[in-house]
Number of protein chains: 4
Amino acid sequence: MANNLRIAVIGTGRMGTDHIKRLTHRIAGADVTGVVDIDAGRAKAAAALAGGHAKVWDDPHAALSSGQYDAFVLTTPGMLHYDVLMDALDKGLPVFCEKPLTADAATAREIVDAEAGLDARLIQVGFMRRYDAGYQRLRRYFTEGSLGAPLMLHCRHRNPDPPPNFTDALMIYDSVVHEIDGVRYFTGEEITEISVRKGRATAGAHGKLSDPQQVLMRTESGVLVDVEIFVNALFGYQVHTEAVFERGIVDIGNDEGAYVRSAGHWGGEVTPGFEQRFAAAFDTELQGWVNRLRDGLPPNGPSAWDGYAAAACCEAGVEAQLEGTTVTIALGKKPTFYG
Amino acid sequence: MANNLRIAVIGTGRMGTDHIKRLTHRIAGADVTGVVDIDAGRAKAAAALAGGHAKVWDDPHAALSSGQYDAFVLTTPGMLHYDVLMDALDKGLPVFCEKPLTADAATAREIVDAEAGLDARLIQVGFMRRYDAGYQRLRRYFTEGSLGAPLMLHCRHRNPDPPPNFTDALMIYDSVVHEIDGVRYFTGEEITEISVRKGRATAGAHGKLSDPQQVLMRTESGVLVDVEIFVNALFGYQVHTEAVFERGIVDIGNDEGAYVRSAGHWGGEVTPGFEQRFAAAFDTELQGWVNRLRDGLPPNGPSAWDGYAAAACCEAGVEAQLEGTTVTIALGKKPTFYG
Amino acid sequence: MANNLRIAVIGTGRMGTDHIKRLTHRIAGADVTGVVDIDAGRAKAAAALAGGHAKVWDDPHAALSSGQYDAFVLTTPGMLHYDVLMDALDKGLPVFCEKPLTADAATAREIVDAEAGLDARLIQVGFMRRYDAGYQRLRRYFTEGSLGAPLMLHCRHRNPDPPPNFTDALMIYDSVVHEIDGVRYFTGEEITEISVRKGRATAGAHGKLSDPQQVLMRTESGVLVDVEIFVNALFGYQVHTEAVFERGIVDIGNDEGAYVRSAGHWGGEVTPGFEQRFAAAFDTELQGWVNRLRDGLPPNGPSAWDGYAAAACCEAGVEAQLEGTTVTIALGKKPTFYG
Amino acid sequence: MANNLRIAVIGTGRMGTDHIKRLTHRIAGADVTGVVDIDAGRAKAAAALAGGHAKVWDDPHAALSSGQYDAFVLTTPGMLHYDVLMDALDKGLPVFCEKPLTADAATAREIVDAEAGLDARLIQVGFMRRYDAGYQRLRRYFTEGSLGAPLMLHCRHRNPDPPPNFTDALMIYDSVVHEIDGVRYFTGEEITEISVRKGRATAGAHGKLSDPQQVLMRTESGVLVDVEIFVNALFGYQVHTEAVFERGIVDIGNDEGAYVRSAGHWGGEVTPGFEQRFAAAFDTELQGWVNRLRDGLPPNGPSAWDGYAAAACCEAGVEAQLEGTTVTIALGKKPTFYG
């Protein structure tokens, strides 16, 4: 095992801060030795979380050019990703990029083409659910085939409440995007069409959301997908996936934990948020990425192509949401490089 | 409590036979004293099941006219229901009518109008799920309102395998019809539109079925409903309903029973069929009907209107299935008589 | 099927009243045509529950001698059972006898010997758990042997709160007696020894109870049994049984029902009492007994021997509870008549 | 955050090897820079697992004296622990010591007294279940008191099969020892007496084991504990704990994971072994120990006193097992140092 990886974290908002703590206190083989943020105070505070050894930068391109880092973790808002990713590809530097890959499908496609042009995997996209033990277990039923072909997927994505200023479009871009990647991960197929149903909305919704909504998709082989997206579900956080195969049904994401009987009720506590639900997945994801790089191997997690495909589905989803129609999705030719 | 009710069972196929056994061995206060079937051998065998005291008839109208029966149980094929029901209404005799009410929505509407004209409830339709403890418990969440307004209903209806010669249309008329009545029972609303999605079909389907299918509905207040109907599910029988409210989620129809850990697995046995799943509901339904009549009260179970509404939704569903469009449902004015 | 069975119910307390309602409104083939109670007002009220056709008696022996009844249901306090049972045996009349069989093991043994002397099964004892679907399913694992030999039984018997004036001895006679019969039912073996552990008692116990207690038993083949008996469990009612076999573990009595996620919790409602938990078992038990008698067959439910064995175990259990020792149980020779 | 901790792992059997991999690939802030084993080949192989930077030693005392290590992980067989621990205490060096603390209660007490004499916590004992999320959740019900006082603990410890040459005594020392520590961890009380029941043994047991057995304990305040220990359970691995409080019941260790309905069955896969069941606990335990030492703090995990108390209970348990009696446990005065 080589020396610890020297990592610069670009963006020190909530996600950046979480990754700094994770890399410092829970992930073997990596040191956060650089922190990048336009806001100097925030950057300094983030550096302190890394034990005080991290150098502070205000320009990601300066950090990329410094030669002081083995790899980068990119957690700025999505609209700032494109320039950093292009610069990193240009310099041949590995980047762990939180979703979304870029601000839209067109620029995401450019990243894909640029990376494919290099013929080298440098980018990994942060679809952390692929590292959840339940997701991995469910996927095995798709790849092993013991239950026959997959026919339907029923997905539930329930948040207790949304951030302020959440919008119908963000329900797709921020929440359903995980289900979109999940469908692609489970089935190994691209999504070919999408539509959105709106019905009775909860009176408890923040702002002008029509919440919940139902997103309907179809994959290349005809697997039908329905997603309930409910961001004011109040009761807690829940991600549940049920796959219907020819010879069986499999579901993941059930409630668990200490089981109590008291005062006329049996049951337990609902997971309050995604941080608790996917804590182990975040660790596994980042540890896997670090271990690959330390071993001198390219990343093997979600690729730029996965980021691009998700972006294209989200754009189509928002169009479907606005127009009330079924929108067809065509990704164009996939570089052979992505297998 | 009055003397035992004298009941004639019209139709001695599987359902008729089951009801005879039930009335004879499990239901208090009723005697099967008449049995009607064109097939004399079958009628005689059915009479024997009732302890041999039942008179055998080959013509339902003769039995209706005989004055020997307090009430009738009608279990012939649906296309034969109209004449019997009209005759019974004409004579003011109570009938427990297995679904469907009649062969189509138009004739069902005629029954409704005839009964409404009498201003007396004589007909009860056999939507037995309303007598299932789980269904009743779920409904209470709709009527009590403790979790706020209902927003969505996710339904699963899975059969191990269909009868021979099953068709796409029968998937609606025979299976989804229960979900249609369930939606109306839970929400207390009429269904206003319906569409059907077909995707990848199981290779294990009998005949020419596109199986599974997804049926999408909407109620008056905008509750969105999705139904997975899968009649070659092989693994066993399952009816599962999940209701999404503003402040909570409720589901019924989960697996239960003896819990075993052996040979690397934990779990139990899936219910093999609807007979096991709804055995108690059949008993409760029939006992409730008998007790009402013995007490000199009109039936308070599913009404002719419920039978008519289900028929109209089924017709629209089959049209949606054939055309691939969303079909609107308009029931016309509901007689005030039905409340 | 013969005419309805004419039944006289002896004793019109809570249990007697329940049985009258059950026989009148839920059980096919039986009429309550007689009611016996020293308290004339109570007897009259009970007769009304049966539809007013029941004759009222104040002396059970007069009813037994009247020749007006096909069978009797005996629900008086246990100390009054002996004389009625002896009289019924003498007259060859069938009796469904609520537990206990008699007031103590010695008199219970006399009943056994009297019935064995007749060489005819006339008495059935009301151990209704044997008619619970879960109990029957668990028993099949013992009789089929697919999981190998049974090794241990872990039992939990939890009541929300006890009747006033409940005592340590009643914890055995009234509650553990069901577990004692359960052990005998599952294993098909007699119990050979018993001891009782007392530890920290709940501060919430009514009266002077040391509650909960743990009862330890052993069967002929060495199956170890432990029972938690907790009669002030407050949270609700629960009967749970876990059987350990050589190749697997089976448990019954798990929570079920509508599943709710709301306000940070997942789960459902605990069964409030034995009436809800075993409602179906009471119906099945009584219907089974009625159907046997109508078919001219002797009862095949729990026998007088089962009542005697339970009484002997209870006596030993109370001795163990008082003395803090392990008490050996010897039932004496079982009449071949009981199989 | 200080530099990485330099750790020497003493003993390179299965547990030592696991800890080396864990420290190298999953734990932040620590490097395995030394490996100690009498068997030079095994030591060299272990050093390779650490990335090849670890120095190889054949004498633990030489490694302790070298001044090259910040802390030690001790995984040799228990009989070799005493000398290493005494030497480390003498030199003021922190040791993470896998259970047992030493070979017997008397020498464990000597370690306790030596550490107490230093007035400094240097030793942490590897009772990893205390780091399991379920264990921690259950403990909160004991410390928060929302359900009232604890009354009973029902424990199940089931292994699929034992190592060769497993003995009755090892059932206590190797398996029940975890339950002993669990009882002390949950209740915060010492165990005051222990007895063992043997009943019918599985025909599938390896060697001469009487398997399963039931271990009964009592704590200072009178909490009654029963443990089923079954080491040939075949079906898989299971650790289940049910706590009975005055106002509620809590249990942990239930089955979870992907839920499948197929071929007439519902359920999922049993955890095959403790490695899968407690993988996260091992990580959390070691990461917590490393983080404390890097922060310049003494360890706050299970102490030498915990190791000594467990040893005393095990010795009493084996005596009870042999003699068939209830054995009283007296630990002597606890140094105030241990709180």
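Reader: How many salt bridges does the count between chain A and chain B give, and what makes a pair a salt bridge?

Author: The count between chain A and chain B is four. A pair is called a salt bridge when a side-chain nitrogen of Lys or Arg is within 4 Å of a carboxyl oxygen of Asp or Glu. Take B:Arg156 and A:Glu242: their closest N and O atoms are 3.3 Å apart. That distance is within the 4 Å limit, so the name fits.

Reader: What should I keep in mind about the model and its numbering?

Author: This is a predicted model, in which local features need pLDDT of at least 70 and side-chain atom pairs count only at pLDDT 80 or more, while totals for chains, interfaces and linings use all residues. Residues are numbered from 1 along each chain as its sequence is written, chains are lettered from A and ligands numbered from 1 in the order in which they are written, and side-chain values use heavy atoms, with hydrogens and water left out.

Reader: What makes a residue pair across chain A and chain B a polar contact, and how many such pairs are there?

Author: You need an N or O atom from each residue, the two within 3.5 Å (within protein, one able to donate a hydrogen and the other to accept it; residues adjacent in sequence count only if both atoms are side-chain atoms). By that rule, 20 residue pairs are found across the interface of chain A and chain B, both residues at pLDDT 80 or more. On the chain A side, β7 (150-158), β8 (191-198), β9 (213-219), β10 (224-230) and β11 (238-245) each supply at least two residues of what touches chain B. These are called strands because DSSP gives E for at least two residues in a run; helices are runs of H or I, at least four residues, and both are numbered from the N terminus. The largest share of that side, six residues, comes from β7(A). Sorted by class, the side has 19 nonpolar, nine polar and twelve charged residues (Ala, Val, Leu, Ile, Met, Phe, Trp, Tyr, Cys and Pro are nonpolar; Asp, Glu, Lys and Arg charged; the others, Gly among them, polar).

Reader: How do you know what area is buried between chain A and chain B?

Author: Buried area is the accessible area (1.4 Å probe) that two parts lose on being put together, summed over both. For chain A and chain B that comes to about 3,000 Å², with carbon and sulfur atoms giving 55%. In chain A, the residues losing the most area to chain B are A:Arg197, A:Arg200 and A:Glu246, together 24% of what that side buries.

Reader: What relates chain A to chain B?

Author: A turn of 180 degrees with a shift of 0.0 Å along the axis lays chain A on chain B, at an RMSD of 0.0 Å (least squares on the C-alpha atoms of residues with pLDDT of at least 70 in both). The two copies are thus related as by a two-fold rotation axis.

Reader: How do you know that chain A and chain B meet through the same surface?

Author: Contact means heavy atoms within 4.5 Å, and it takes 40 residues from each of chain A and chain B. Of the interface residues of chain A, 100% are also interface residues in chain B, so the surface is the same.

Reader: What does the contact of chain D and chain C take from each chain?

Author: It takes 40 residues from chain D and 40 residues from chain C. D:Arg197, D:Arg200 and D:Glu246 lose the most area to chain C, together 23% of what the chain D side buries. The salt-bridge count is four; one pair is C:Arg158 with D:Glu242, whose closest N and O atoms are 3.2 Å apart.

Reader: What makes A:Pro100 and A:Asn165 stand out?

Author: Most residues other than glycine have a negative phi, and most peptide bonds are trans. A:Lys99 and A:Pro100 are joined by a cis bond, with omega about 0 degrees; A:Pro100 sits in the loop between β5 (95-97) and α5 (105-118) of chain A. The bond from A:Asp211 to A:Pro212 is cis too, with omega near 5 degrees, and A:Pro212 is in the loop between β8 and β9 of chain A. A:Asn165 is not a glycine, yet its phi is positive, about 65 degrees. Its place is the loop between β7 and α7 (168-187) of chain A.
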